[in-house]
Amino acid sequence: MKLREVLQLIEGKVLTRNTDLDLEVKMGCGADLMSDVLAFTHEGTLLMSGLTNPQVVRTAEMAGIQAIVFVRGKIPPPETIALAEEKGIALLASKYTMFETCGRLYRAGLPSCGLFESSLKRWREFFGEE
Amino acid sequence: MSTPPSTPEQKREITRLQELVYELRVRDAMTTRVITVTPQTTIAEFREVLRANRISGTPVVDEGQMVGIISIEDLIKALAAGQMNATVGEKMTPRPVTLYDDEPLIHAVGKFSSLGYGRFPVINRQGDLVGILVQGDIVRALLRRLEIEYHEEEVRRYRASHIFEDILADQVTLRFRYQVIGGDFERAGEASSRLKKTLSRLGIHPRIVRRVAIAAYEAEMNIVIYTDGGELVAEVDPKRVYLVALDQGPGIPDIQKAMEPGFSTAPEWVREMGFGAGMGLPNIQNCTDEMRLESTVGVGTRLEMVIYLDSEARPCSPG
């Protein structure tokens, strides 16, 4: 899904300059914990987050995430936007909640990052099933 | 005045563009989210659809079947005739010319110039409507691909991967050292960012680079959050990346406990920044092939990580 379509679906706004709206995102992840972003995403994921500090951009850079949507109408501080522009990471804003922002994109066909072995392992250990 | 002769670079660019129109498929350029109307939609409603979505035409779909196409020109004709209450079914062009999603883009270019239409619905070989293509999409797709290729070329020029072949020795190891300042959230992550860029330039597989970057970043954040500072050292040889995160204390009292997912001693302000959830060390373990953690309270912590370069098939964070 192109960022252009993401923007339409969430009725969002672009926060960074020189943003390529033809950028393709392959899947989506909603998270406020940075370690979760690192552990439960793949290259090319679109990140939805309520956190707006510059570390979100750093985390995205490490995980190969090229675009972030800030949910609940949160606007990041100038240093976050400056770092994102330096790293070539697109920042978008959504006035909707995390649930609704993700829901709108999922309904339109943007898939999740799938199941992870670490999640399944904990699941099996606790529930004792295959 | 005669036109100046084109430079060799310009010639090469033009040839590449021509090649790309054959290489790229319709699906590489099309918009996948197609807005449609039904034959029962009124022209007034259709105008609202165009305005709200900032588009100039849509396919017409009736009970899952594409039955026609309608554009802003049909709207203007209806407007001029004062027929805003007419239906899309009356004003549309039935049985529109379509493109297949796996056709080369050159077919689309040909149809645009020979038929003069503004858009083509795109269907797959099963006949399902999967996208829509306007002329601007083609230009955008070409420019985008050219940009990617230019970027790749730049990376290749930078790439130092041949260093292992050019240097004559029984064993070559490259060593990169980065200072990490404790408590400095402003610059936290900079060391890992620079390491990531360096490894990419060495031509290491992007999947390996991602795993090293995530492990390095988690380790760097630990140094920033919990210590007065330290360093990150990466040693790269043709077989592996060996990463060490070192600090001068305070040290970890119970390593086994620290390794437990969810265990954390992070203060509240760190958690508010999205860190300190007790997943750092488990994440590092998942991203690396080997990991050793040694710590002495009051002296410092040494975290060693190994990632093999031939383990690229393994994605990060599986474990």
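This report describes the nonpolar cores and three exposed loop residues of a predicted model.

Residues are numbered from 1 along each chain as its sequence is written, while chains are lettered from A and ligands numbered from 1 in the order in which they are written. Because the model is predicted, local features need pLDDT of at least 70 and side-chain atom pairs count only at pLDDT 80 or more, whereas totals for chains, interfaces and linings use all residues.

A nonpolar core is a set of buried Ala, Val, Leu, Ile, Met, Phe, Trp, Tyr and Cys residues joined through C-beta atoms within 7 Å; buried means 20 or more other C-beta atoms within 10 Å, exposed 12 or fewer, and partly exposed in between, with C-beta atoms placed from the backbone. In the largest core, of 70 residues, those touching the most other members are A:Val6, A:Ala67, A:Ile68, B:Val212, B:Ala215 and B:Ala216. Helix α10 (residues 206–226) of chain B gives the most to this core, 14 residues, helices (H or I, at least four residues) and strands (E, at least two) being DSSP runs numbered from the N terminus. A second, separate core of twelve residues includes B:Val26, B:Phe120, B:Ile132 and B:Ile138.

Most residues other than glycine have a negative phi; two arginines with positive values are tabulated here.

| Residue | Phi | Loop of chain B | C-beta atoms within 10 Å |
|---|---|---|---|
| B:Arg54 | near 50° | between α3 (43–53) and β1 (57–62) | 7, exposed |
| B:Arg95 | near 45° | between β3 (93–94) and β4 (99–100) | 10, exposed |

B:Lys239, in the loop between β8 (229–236) and β9 (240–247) of chain B, counts as exposed because 10 other C-beta atoms lie within 10 Å.
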